[in-house]
Amino acid sequence: MASVADNISERLETEIVEGLLPPGTRLEEPALAERFGVSRTPVREALQRLSASGLVELKPRRGTQVLNPSIGRIVEMFEVMAELEAVCARLCARRADPDLISKLKAWLMSCETTAAAQDVSAYYEANRQFHHTIYRGSGNGFLAEQAESLHLRLTPFRRQQLRVPRRLRQSLAEHTQVVTAIEAGDEAAAEAVQRAHILIQGERFGDFLAQFGAGARTTAD
């Protein structure tokens with residue numbers, strides 16, 4: 001059931017970000033269940049995930065409505081995400097043990113495999129696990145919680161920027177640099193490359209919007 005909800009969530013996420021489901025659109029569970037040929041349970045779960053990402057608003061007894069994300073707000077979130085991840089990477093380089101390095105390399109290999117297959121969905125999942133391993137590897141539980149929370153909010157935009165041409169390969173190269181710095185215990189390098197890795201995601205998301213002309217429907221700060 002979870003994988004069905006994942007697929008529905010990703011389909012709706014893409015349609016919202018690309019502007020196919022404009023702000024104010026009502027998303028009704030029965031209609032979506034019929035569209036995707038499933039029961040209402042995975043549809044409800046998918047809508048809850050979109051709500052957690054800030055793409056829709058769940059209104060009691062009034063259904064679900066697509067929200068209007070602000071480009072300025074998204075950029076601000078990526079800036080904060082970059083700083084949180086930079087600190088995580090720095091602490092990870094300071095505290096990493098052989099087990100953590102092994103886990104990072106395993107997820108890096110998964111990223112390499114899925115990038116070679118040009119499978120954006122599978123790459124994103126390996127990418128998510130890679131980043132969460134760094135969060136937990138920081139050894140700071142509160143920091144990891146904050147990073148994971150904001151990562152969840154940015155999920156739609158982090159995933160969609162991977163659809164920009166050649167972004168998968170570039171992302172993979174950036175991951176490799178991060179692992180190299182962490183394994184070497186180079187705190188400054190780990191912090192710098194991780195910060196740059198996240199900031200460029202915000203830039204690539206802008207490129208993605210430009211491809212589909214979605215930028216015209218978003219509000220500016």
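Two strands count as paired here if DSSP finds at least two bridges between them. Keep that in mind, everyone, as we'll use it right away. Hello, and thanks for coming! One caution before we start: what you see above is a predicted model.

Let's begin with a small sheet. Strand β1, residues 26–27, pairs with strand β3, residues 63–66, in the antiparallel sense, over two bridges. So that pair meets the rule of at least two bridges. If you want to find it on the screen, look for arginine 26, whose bridge partner in β3 is glutamine 65.

Now for the other neighbour of β3. Strand β2, residues 56–59, also pairs with β3 in the antiparallel sense, and here there are four bridges. One of the bridge partnerships joins valine 56 to valine 66 in β3. Glutamate 57, in turn, stands opposite glutamine 65 in β3. We met glutamine 65 a moment ago, as the partner of arginine 26.

How many residues lie between the strands in the hairpin of β2 and β3? There are three, and in this hairpin arginine 61 takes a positive phi near 65°.

Put together, we have an open sheet of three strands, in the order β1-β3-β2, with antiparallel pairing. Which strands stand at the edges? They are β1 and β2: each has a single partner strand, so one side of each is left without a neighbour in the sheet. A handy thing to remember for any sheet is that in a regular strand the side chains alternate between the two faces.

Next, let's zoom out. The protein is divided into domain 1, residues 4–66, and domain 2, residues 71–212. Nine residues from domain 1 and 13 residues from domain 2 take part in the contact. Measuring between centres over C-alpha atoms, the model puts the two domains 26 Å apart. About 980 Å² is buried between them, and carbon and sulfur atoms give 52% of that area.

What about charges? Side chains of opposite charge can pair when their charged atoms come close. Between domain 1 and domain 2 the count is three salt bridges. Glutamate 10 and arginine 163 form a salt bridge, with their closest N and O atoms 2.9 Å apart. On the side of domain 1 that touches domain 2, helix α1, residues 2–17, gives the largest share, four residues. That side divides into three nonpolar, three polar and three charged residues. Across the interface there are also six residue pairs in polar contact.

Finally, the overall count comes to 20 salt bridges. Another one to look up is arginine 40 with glutamate 29, where the closest N and O atoms are 3.3 Å apart. This pair links distant parts of the chain, eleven residues apart: arginine 40 sits in helix α3, residues 40–52, and glutamate 29 in helix α2, residues 29–36.

Thanks for listening!

Terms used. Residues numbered from 1 in each chain as written. Predicted model: local features only at pLDDT ≥ 70, side-chain atom pairs only at ≥ 80, totals over all residues. Heavy atoms only, no water. Domains from an automatic or database assignment. Contact = heavy atoms within 4.5 Å. Buried area = accessible area lost by both parts, 1.4 Å probe. Salt bridge = Lys/Arg side-chain N within 4 Å of Asp/Glu carboxyl O. Polar contact = N/O pair within 3.5 Å; in protein donor to acceptor, adjacent residues only side chain to side chain. Nonpolar A, V, L, I, M, F, W, Y, C, P; charged D, E, K, R; others polar.
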